[in-house]
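The following exercises concern a protein model and are to be worked with its sequence and coordinates at hand. Each task is followed by a stepwise solution.

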Amino acid sequence: MRFVDEFRDAEKARALSAKITSLCEPGRHYKFMEVCGGHTHTIYKHGLEDYLPESITLVHGPGCPVCVIPMGRIDDAIHIARQPGVLMTSFGDMMRVPGSGGNFFDSNAEGTNIRMVYSPLDSLKIARQHPDLRVVFMAIGFETTTPSTAMTLLRAAAEGIENFSVFGNHVTIIPAIKAILDSPDLRLDGFIGPGHVSTVIGCRPYEFIARDYGKPVVVAGFEPLDILQSIYLLMLQLAEKRCEVENQYSRVVLWDGNLVALKVINEVMELRPYFEWRGLGFITHSAMAIRSEYAAFDAERIFEIPGLRVADPKACQCGEVLKGVLKPWECKVFGTACTPETPIGTCMVSPEGACAAYYNFGRFSRSRVREASRA
Amino acid sequence: MCLGIPGEVIEISEERPDLAKVSVSGVKRTINIGLLEADPPSPGEWVLIHVGFALSKIDEQEAAAALEFLESIGKAYEDEMAALLESRIE
Ligand code: SF4
């Protein structure tokens, strides 16, 4: 009966589910995208799709920063790590992301020194303690982690830590959403907006989605009821023929975001003209580069970066999964050649990736809901 | 890395007011609170922490709910806590 404890709000969820069902127009089908990988995780973990009427489909978006890193960037990171005296650091999630010649662990077996850290500040500390090493932090993440990298870089500059640099791979969520809106593959009825990214950027940047594309957006928290509540709010907007940005997660997300964080990002970084996203290709103004004022801390200027474009393995359909066109289990190698232990694609590596989330939880959700309703 | 972890602020460093000691599920670690300089937290208040930085203030009830959510997701949270245990921010 473990499952019942894990989701003890099942009663409230069923009540919300009834309200959602009552708003469905007969014969109409609804598709909502949850942009953030954390939401995908909750949806599979708690089997939320089973609480929704058949006419509502949830599609998973590109909001897992590990998943969207193209192979070529992993190869570039390993190339930097091979330079003399380099100690490369990154978040634990990055260690198993496959590059064309293996992942960071494979690379370490061949002599590189790539270590995982909890925070960019831990990386800076290593640089402080080892002035003889060139410590590089491979920075990744959406706007939730970008301010942390920017703050760390400012700290390094203030202390004059010359052996520290950042290999920047921060991506921005809005251009990815726009690319999906402009793609002909997918017709969406609305968005469940990311919770933590929005603590930084606030709700305003989503306004164009409602205004120019006529799709409602509800910024949502991470608990099962938050997500169901957000779907209810989206359905209510559609039923009332409204189209706006709403903030379901106002207990954490301020409408204007975190202004200090935005200022710090802007001080240290600027938009790249374009950046390659796994599966989505090159997207204009979709990632951050370090400003020339901080060139001394920019690994891309310090080291020669090959910057080769590496095509994804043939079997890999992460691109389709990231765009929400395919469900994880529709990928031909899902659960057979590609598992969390031996990932072929990135969506299987990060726990927030749709494939990993479905692999770990999704397959069990149906029986679980049945069990919970029996109790 | 994407998970926001709730922590209770224990004390603010005197010589470095951008650093605070927090307690996360009983584990005490130092984090950076510089991104909250517009409205700094005081001891006893709760913050949501991402990769060693407090990104937003939350109330105690939200902290409890966030923790419950994190514990429910299992491995991703265990990995994040294991990484935090190794962290020595200064
Ligand atoms: S199963 Fe593996 S290869 Fe297929 S989409 Fe998912 S992560 Fe990519």
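**Exercise 1. Determine which residues surround the ligand, and classify them by polarity.**

Step 1. Apply the proximity criterion: a residue is near a molecule if one of its heavy atoms lies within 4 Å of it. The residues around the ligand are A:Cys316, A:Gln317, A:Cys318, A:Val321, A:Cys331, A:Val333, A:Phe334, A:Cys338, A:Gly345, A:Cys347, A:Met348 and A:Cys355.

Step 2. Note the basis of the values: this is a predicted model, in which local features need pLDDT of at least 70 and side-chain atom pairs count only at pLDDT 80 or more, whereas totals for chains, interfaces and linings use all residues. Residues are numbered from 1 along each chain as its sequence is written, chains are lettered from A and ligands numbered from 1 in the order in which they are written, and side-chain values use heavy atoms, with hydrogens and water left out.

Step 3. Assign classes: Ala, Val, Leu, Ile, Met, Phe, Trp, Tyr, Cys and Pro are nonpolar, Asp, Glu, Lys and Arg are charged, and the others, Gly among them, are polar. The shell then divides into ten nonpolar residues, two polar and no charged.

Step 4. Examine one member of the shell. A:Gln317 lies in the loop between α13 (299–302) and α14 (318–322) of chain A; helices (H or I, at least four residues) and strands (E, at least two) are DSSP runs numbered from the N terminus. Its relative accessible area is 18%, so A:Gln317 is buried; buried means under 20%, exposed over 50%, and partly exposed in between (1.4 Å probe, protein chains only). Beyond residues up to four places away in sequence, A:Gln317 touches A:Leu326, A:Glu330, A:Cys331 and A:Lys332, contact meaning heavy atoms within 4.5 Å.

**Exercise 2. Describe the interface between chain B and chain A.**

Step 1. Count the participants: chain A gives 40 residues to the contact and chain B gives 36.

Step 2. Evaluate the area. The size of an interface is often given as the accessible area lost when the parts come together. Here about 3200 Å² is buried, 62% of it on carbon and sulfur atoms; buried area is the accessible area (1.4 Å probe) lost by two parts on being put together, summed over both.

Step 3. Count the salt bridges, each a side-chain nitrogen of Lys or Arg within 4 Å of a carboxyl oxygen of Asp or Glu. There are three between the chains. One of the bridges joins B:Glu62 to A:Arg251, with the closest N and O atoms 2.2 Å apart.

Step 4. Resolve the side of chain B that touches chain A. Two or more residues come from each of β4 (46–50), β5 (53–58), α1 (60–73) and α2 (75–86) of chain B. The largest share, seven residues, belongs to α1(B). By class, this side has 20 nonpolar, eight polar and eight charged residues.

**Exercise 3. Which distant parts of chain A are linked by the salt bridges of A:Arg28 and A:Glu300?**

Step 1. Establish the total: the count is 25 salt bridges over all chains.

Step 2. Take the first pair. A:Arg28 and A:Asp189 meet at 3.2 Å, N to O. A:Arg28 is in the loop between α2 and β1 (30–36), A:Asp189 in the loop between α8 and β7 (190–193), 161 residues apart. A:Arg28 is partly exposed because its relative accessibility is 28%, whereas A:Asp189, at 5%, is buried.

Step 3. Take the second pair. A:Glu300 bridges to A:Arg73, the closest N and O atoms lying 3.3 Å apart. The pair connects helix α13 with helix α4 (residues 71–81) across 227 residues. A:Glu300 is partly exposed at 24%, and A:Arg73 is buried at 11%.

**Exercise 4. Where is A:Asn163 placed, and what does its side chain reach?**

Step 1. Locate the residue: A:Asn163 is in the loop between α7 (146–159) and β6 (164–170) of chain A. With a relative accessibility of 16%, A:Asn163 counts as buried.

Step 2. Trace the side chain. A polar atom of the A:Asn163 side chain lies 2.9 Å from the backbone oxygen of A:His130. The side chain of A:Asn163 also reaches the backbone oxygen of A:Leu133, at 2.9 Å.

Step 3. Complete the surroundings. Neighbours within four places in sequence aside, A:Asn163 is in contact with A:Ala127, A:His130, A:Pro131, A:Leu133, A:Arg134 and A:Val135.

Methods. A polar contact is a pair of N or O atoms within 3.5 Å; within protein, one must be able to donate a hydrogen and the other to accept it, and residues adjacent in sequence count only if both atoms are side-chain atoms.
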